[in-house]
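Reader: Could you take me through the packing in this model, keeping the criteria explicit?

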Amino acid sequence: MPLSISSDQVVQAIRLIRGHRVMLDRDLAALYCVPTKTLNQAVKRNRTRFPGDFMFQLTREEADFLRSQVVTLEVGRGKYPKYRPHAFTEQGVAMLSSVLRSERAIQVNIAIMRAFVRLRQIIGSNKVLARRLAELEKKYDAQFRVVFDAIRELMEEPKFKSRRIGFRAME
């Protein structure tokens, strides 16, 4: 079965909650092509593999905030989960590969791990970029001062009387 999941799909499913980059159980279930209930049952049967730094359950406020991000809510019974979602850190997602044993789960986990690595590289390069920008700001302060001084000189009245330029009518 070919894997039809892009790295961008995975990166979009990664969220920042409580200062951790995590993926929600419903997003993981969609990637694994299983119901969220099935994923959570597998985790529950293997609870010792998922300590607090691998997986945590969102608070009611966090879950409500995520739900409020949906612009239009569907009406009807059973449209929304009645349980608060679980959030899996990178280590928790890796542990899911030992709990979910399908070929699809293996391929999805590989894609997710690559996305987390790519995200770490992007964040690392942004830190380097921010440091370089700070260095440039320090370096260019003096040069901008020179530019402002040149602009002020241009704004001053000329020291010599210039002749008028343009058409003069014959007298």
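The exchange below covers an aromatic pair, the nonpolar core and a helix contact.

Author: This is a predicted model, in which local features need pLDDT of at least 70 and side-chain atom pairs count only at pLDDT 80 or more, while totals for chains, interfaces and linings use all residues. Residues are numbered from 1 along each chain as its sequence is written, and side-chain values use heavy atoms, with hydrogens and water left out.

Reader: Which geometry does the aromatic pair of Phe50 and Phe88 have?

Author: Rings of Phe, Tyr and Trp (its six-membered ring) pair if their centres lie within 6.5 Å, with planes under 30 degrees apart counted as stacked, over 60 as edge-to-face and the rest as tilted. For Phe50 and Phe88 the centres are 5.9 Å apart and the planes meet at 85°, which makes the pair edge-to-face.

Reader: Which helix gives the most to the largest nonpolar core?

Author: A nonpolar core joins buried (under 20% relative accessible area, 1.4 Å probe, protein chains only) Ala, Val, Leu, Ile, Met, Phe, Trp, Tyr and Cys residues through side-chain atoms within 4.5 Å. The largest such core has 26 residues, and Phe88 and Leu96 are among those with the most contacts inside it. Helices here are DSSP runs (H or I, at least four residues) numbered from the N terminus, and the one that gives the most, with seven residues, is H6.

Reader: At what angle do the axes of H2 and H3 cross?

Author: Axes are lines fitted to C-alpha atoms over the stretch in contact, with angles from 0 to 180 degrees between N-to-C directions. The axes of H2 and H3 come within 8 Å, and they cross at roughly 105°.

Notes:
Buried < 20%, exposed > 50% of the residue type's maximum accessible area, 1.4 Å probe, protein only. Helix = DSSP H or I, 4+ residues; strand = E, 2+ residues; numbered from the N terminus.
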